[in-house]
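Please open the model in your viewer and keep the sequence panel beside it, since each stop on this tour begins with a selection.

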Amino acid sequence: MRKRLKDLHSAKPDDADYLPELVELGVMIGSYRTALGINQEEMAKMIGVSRRTMTKIENGRQTLSLVIFFRIAALFEVRPVYLLQELARVTQRKWSRKGED
């Protein structure tokens, strides 16, 4: 646990693409987006970012500001805490499986 916290705190913005939590969040956002039948360009316009930034978000290579995170939650018509709980559920399941290998 301490190593994971150290890794998160010592990560530089350039290292953002290596944070598994950002990758999982991006996958989750992409899944919700496709379930709603929205393409990346449309979603980018709706939340106020470029399509390129939207691609980076979904690939886990772009950190999110709170404003963008809240806009995404509003677009999906869920509370921001719900997205965080889903992210925690997914990453917790993956972390617990690492010890089983």
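Begin with the whole chain in a cartoon view: read along the sequence, this predicted model follows the pattern α-α-α-α-α-α, and its secondary structure comes to six helices and zero strands. If you then switch on the surface, you are looking at about 7,200 Å² of accessible area, of which 55% belongs to carbon and sulfur atoms. Of the 101 residues, 31% count as buried, and among the contacts that join residues at least 6 apart in sequence, 56% link residues at least 24 apart.

**Helix 4**

Select residues 51-58, which form helix 4, and show the side chains of M54, I57 and E58, the residues of this helix that are buried. Turn the view until you look down the axis of helix 4, and you will find that these buried residues fall within an arc of 90°, so they line one face of the helix. To see what that face meets, add helix 2, helix 3 (40-47) and helix 5 to the selection, because the buried residues of helix 4, by contacts within 4.5 Å, pack against these three helices. Before moving on, step past the end of helix 4 to G60, which follows the helix and has a positive phi, near 75°.

**Helix 5 and the loop after it**

Next, select residues 66-75, which make up helix 5, and show I68, F69, I72 and A73, its buried residues. They cover an arc of only 140° around the axis, which puts them on the same side of helix 5. Now rotate to the face turned away from that buried side, where you will meet the exposed residues L66 and A74.

Continue along the chain to E77, which lies in the loop between helix 5 and helix 6. Is E77 buried or exposed? At 71% relative accessibility, E77 counts as exposed, because the cut-off for that class is over 50%. The backbone here also deserves a look, for the phi of E77 is near 60°, a positive value in a residue other than glycine.

**P80 in helix 6**

Select P80 next, which lies in helix 6 and, at 25% relative accessibility, counts as partly exposed. Which residues does P80 touch, if those up to four places away in sequence are not counted? They are F69, F70 and A73, and F69 and A73 are among the buried residues of helix 5 that you displayed earlier. If you draw a distance between the C-alpha atoms of P80 and F70, you should read 6.1 Å, although the two residues are 10 apart in sequence.

**The largest pocket**

For the last stop, select E21, L22, L25, T63, L64, S65, L66, F69, L84 and L87, which line the largest pocket; the space inside this pocket is about 260 Å³. Colour the selection by helix, and you will see that helix 2 (20-35), helix 5 (66-75) and helix 6 (80-98) each supply at least two residues of the lining. Which helix gives the most? Helix 2 does, with three residues. Colour the lining once more, this time by class, and it divides into seven nonpolar, two polar and one charged residues. Two residues from the helix 5 stop return here, since L66 and F69 are both part of the lining: L66 was shown as an exposed residue, whereas F69 was shown as a buried one.

Methods: Residues are numbered from 1 along each chain as its sequence is written. This is a predicted model: local features need pLDDT of at least 70, side-chain atom pairs count only at pLDDT 80 or more; totals for chains, interfaces and linings use all residues. Side-chain values use heavy atoms; hydrogens and water are left out. On a 1 Å grid over the protein atoms alone, a cavity is a set of points where a 1.4 Å probe fits but cannot get out, and a pocket is an open set with protein on both sides within 12 Å along at least five of seven lines; lining residues have an atom within 4 Å of a point. Grid points are joined across faces, edges and corners, and a volume is the space filled by probe spheres set on the points. Helices (H or I, at least four residues) and strands (E, at least two) are DSSP runs, numbered from the N terminus. Ala, Val, Leu, Ile, Met, Phe, Trp, Tyr, Cys and Pro count as nonpolar, Asp, Glu, Lys and Arg as charged, and the others, Gly among them, as polar. Buried means under 20% relative accessible area, exposed over 50%, partly exposed in between (1.4 Å probe, protein chains only). The arc is that of the directions from the helix axis to the C-beta atoms. Accessible areas come from the Shrake-Rupley method with a 1.4 Å probe; for residues, only the protein chains shown count as cover.
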